[in-house]
Structures are given as C-alpha cells and as structure tokens.
Amino acid sequence: MEPSGAPQIHVDVPRRSVVNAAMTPIRPPAPRAMLGEALAFIEGPRLLWQAPALARQPRGDGGPVLVLPGFGAGDGSTALLRAYLTWLGYDARGWGLGTNRGHVPKLVPRVVELVDAAQAATRRRVRLVGWSLGGVLAREAARERPTRVERVVTFGTPVVGGPKYTAAAERYRQRGYDLDAIEAAAAARDAVPLRVPVTAIYSRTDGVVAWQACIDPVNRGVEHIEVAGTHVGLGFNPDVFRLVAERLALPARVASPQRHHGTTKHNESQPPRRKPVR
C-alpha cells in the first residue's frame with residue numbers, strides 16, 4: 001500500500017482539448033505567482049515520503065540518459081534526479097557545459113554533439129530528459145538526431161514562445177533580445193516534425209512558465225501530463241520522478257500510453273482533468 005501522499009497525475013486527452021487550450025491567449029505568469037514558488041521546499045519531504053513507491057519503478061537497462069538543466073542552472077540542479085536514474089540502472093549523465101545561459105542557437109549544436117558522443121560510445125540510442133529550457137534543447141537535439149535519440153521527457157518546458165511567456169521574459173528584453181522574433185523562430189522549427197516519442201510534464205501552478213506554453217499544438221506524438229507543483233520544485237517532485245522512470249522504461253519507439261477519460265464533457269478552453277492515479 002502506497003503512502004497517502006500518492007502522486008496526483010492528470011493526463012490530457014483527447015488531443016483536441018489540448019490544442020484548444022494551447023490556442024487560448026498566453027500570458028507570462030503574474031508576478032504574484034512567483035510567491036507560490038516558495039512552496040518548492042515541500043518537494044523534499046514529499047520525495048522522501050514517496051521513496052518506497054519510487055523504489056518500485058521499472059529498472060533501467062544501462063542505456064545512456066542525458067539530463068539537461070534549465071535556464072540559469074547547471075548539473076547541480078539535476079544531481080538528485082540523475083542519482084535516482086543511476087540507482088535504477090541507467091547511465092545517467094549531466095551535460096557538463098556549466099550554467100545554461102539560454103542561448104538556444106548556440107547550445108543546440110553542443111547538445112547534439114553530446115548525443116553523438118554518447119551514442120557512439122555506447123552504440124545505443126540516447127534518452128533525453130530536460131527541465132524547463134533544458135527540455136527545449138532536448139527536443140531540438142531529438143529533431144536533429146531522430147535516429148540516435150530514443151525518447152524525450154520534459155518538465156516545465158516552454159515549447160511555445162521561447163522565453164516570451166515565462167518569468168524570465170523581462171530579463172531577456174533587458175539583454176536586447178527580440179521576444180517576438182524568438183517566438184517566430186521557435187514556431188518555425190516545427191516545420192521539421194519531431195519523430196521520437198515525447199512526454200511533456202507541466203503544472204498549472206507553475207510560477208515561472210505559463211502552463212499553456214508547455215502544450216505542443218503541432219507535434220501529434222507528444223503526450224502531455226499535468227502534475228501538481230511549482231516550477232522550481234519540478235526537479236525534486238516525486239510525481240515527476242515516477243513519470244520519468246515510467247517513460248524511460250518503455251520499449252524503444254513505443255509511443256507513450258494515452259489514457260482516455262471516457263465521455264465526460266470538458267471545458268474546451270482547458271485540457272480535461274483526470275482523477276488522481278493512486
């Protein structure tokens with residue numbers, strides 16, 4: 001029997017509702033939403049509380065998993081997740097590029113090089129896990145190397161608008177970036193569809209990235225899953241850890257399972273919610 005604090009997971013189906021949600025006007029999180037990020041501290045105790053359930057997740061197969069940090073963060077931010085994946089039996093690796101400074105055009109080629117090196121060294125496809133902006137880099141590396149990437153899992157990743165709909169938008173503007181041009185460039189990348197399975201985890205209470213910006217309206221192979229939590233806490237969230245472990249364990253090139261919610265009528269402006277999975 002699992003602890004009473006079992007994960008609250010919502011799977012967004014049918015896809016039509018996801019697309020409709022993504023088409024609603026998107027705005028960056030309100031400044032007051034950042035106050036909710038202070039609740040990230042509760043993820044540590046939750047992670048410990050859920051340790052027995054996490055220990056029962058599928059074992060890894062020794063394959064390479066490259067974990068990419070978010071904007072302004074480095075490998076230290078993903079150390080706990082990588083330690084967990086290593087314990088499960090994966091060859092979990094940091095990116096080794098220091099702090100993620102957010103320059104996607106410069107970083108994508110370097111991440112592609114990491115994918116090439118890991119695949120060459122192991123002779124196995126690489127799984128990619130990305131937190132926030134790290135998820136953008138993971139998706140683009142998978143787009144560049146679809147035959148060398150097995151699957152991608154992202155959490156809190158803004159796939160629409162780049163930084164435009166995030167709390168970092170003003171910082172980008174102050175550094176001279178044209179956010180409208182970045183949004184257009186991000187949309188243009190979808191001219192080449194993603195050809196590997198992608199799971200996109202997001203939270204409606206994310207105080208850093210607008211949750212609607214995490215919904216991919218273009219690539220039909222993307223599975224969207226909602227969890228409860230803050231943006232800062234996603235890297236320590238036991239629900240995220242469990243989902244990452246479940247998805248990484250799926251056979252190569254098998255699409256992530258889409259669980260349907262029956263015939264319940266939903267508000268078309270939002271993805272439907274699902275009863276908690278316990």
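# Pockets, a cavity and salt bridges

Me: Hi! How does the lining of the largest cavity divide by class?
Reply: By class, the largest cavity is lined by four nonpolar, one polar and five charged residues. Keep in mind that this is a predicted model.

Me: Okay, and which residues are those?
Reply: The lining of the largest cavity consists of Val136, Arg139, Glu140, Arg143, Pro158, Val159, Gly162, Ala186, Arg189 and Asp190.

Me: Which helix gives the most to that lining?
Reply: That would be helix 7, with four residues in the lining of the largest cavity.

Me: What volume does the largest cavity have?
Reply: Its volume is about 60 Å³. The structure holds one cavity of 30 Å³ or more.

Me: How does one find empty space like that in general?
Reply: A probe the size of a water molecule is rolled over the atoms, and that shows where empty space is left.

Me: Let's switch to pockets. What is the volume of the largest pocket?
Reply: About 760 Å³ for the largest pocket. It is lined by 36 residues, and the closest to its centre are Phe71, Gly102, Leu133, Pro163 and Tyr172.

Me: Which helices supply at least two residues of that lining?
Reply: Helix 6 (104-122), helix 7 (133-144), helix 8 (169-174) and helix 9 (179-188) each do. Helix 7 gives the most to the largest pocket's lining, with five residues.

Me: And how do the pocket's lining residues divide into nonpolar, polar and charged?
Reply: For the largest pocket there are 22 nonpolar, nine polar and five charged residues in the lining.

Me: New topic: salt bridges. How many are there?
Reply: The count comes to 18 salt bridges.

Me: Arg139 was in the cavity lining. What does its side chain meet in a salt bridge?
Reply: Arg139 pairs with Asp216, at 2.9 Å from N to O. Asp216 is in the loop between strand 6 (198-202) and strand 7 (222-227), while Arg139 is in helix 7, so this pair ties together parts that are 77 residues apart in sequence.

Me: Are those two buried or exposed?
Reply: Asp216 and Arg139 are both buried.

Me: Which residues are joined into one network by salt bridges that share partners?
Reply: Asp61, Arg124, Arg127 and Glu150 are. Within that group, the side chains of Asp61 and Arg124 meet in a salt bridge, 3.0 Å from N to O. This pair links distant parts of the chain, 63 residues apart. Asp61 sits in the loop between helix 4 (51-55) and strand 2 (64-68), and Arg124 in the loop between helix 6 and strand 4 (126-131).

Me: How accessible are Asp61 and Arg124?
Reply: Asp61 has a relative accessible area of 40%, so it is partly exposed. Arg124 is partly exposed too, at 32%.

Me: And what does Arg93 form a salt bridge with?
Reply: Asp91 is its partner, and their closest N and O atoms are 2.7 Å apart. Arg93 counts as partly exposed at 27% relative accessibility, and Asp91 is partly exposed with 28%.

Me: Last one: which residues form the nonpolar patch on the surface?
Reply: Leu39, Phe41 and Ile42 do, and together they have about 310 Å² of accessible area. Phe41 is found in the loop between helix 2 (33-36) and helix 3 (43-49).

Me: Why does Phe41 count as exposed?
Reply: Because its relative accessibility is 59%, and the cut-off for exposed is over 50%.

Key:
Residues are numbered from 1 along each chain as its sequence is written. This is a predicted model: local features need pLDDT of at least 70, side-chain atom pairs count only at pLDDT 80 or more; totals for chains, interfaces and linings use all residues. Side-chain values use heavy atoms; hydrogens and water are left out. On a 1 Å grid over the protein atoms alone, a cavity is a set of points where a 1.4 Å probe fits but cannot get out, and a pocket is an open set with protein on both sides within 12 Å along at least five of seven lines; lining residues have an atom within 4 Å of a point. Grid points are joined across faces, edges and corners, and a volume is the space filled by probe spheres set on the points. Ala, Val, Leu, Ile, Met, Phe, Trp, Tyr, Cys and Pro count as nonpolar, Asp, Glu, Lys and Arg as charged, and the others, Gly among them, as polar. Patches are made of residues with over 30% relative accessible area and no salt bridge: like charges are joined within 9 Å, nonpolar side chains (Val, Leu, Ile, Met, Phe, Trp, Tyr) within 5 Å. Accessible areas come from the Shrake-Rupley method with a 1.4 Å probe; for residues, only the protein chains shown count as cover. A salt bridge is a side-chain nitrogen of Lys or Arg within 4 Å of a carboxyl oxygen of Asp or Glu. Buried means under 20% relative accessible area, exposed over 50%, partly exposed in between (1.4 Å probe, protein chains only).
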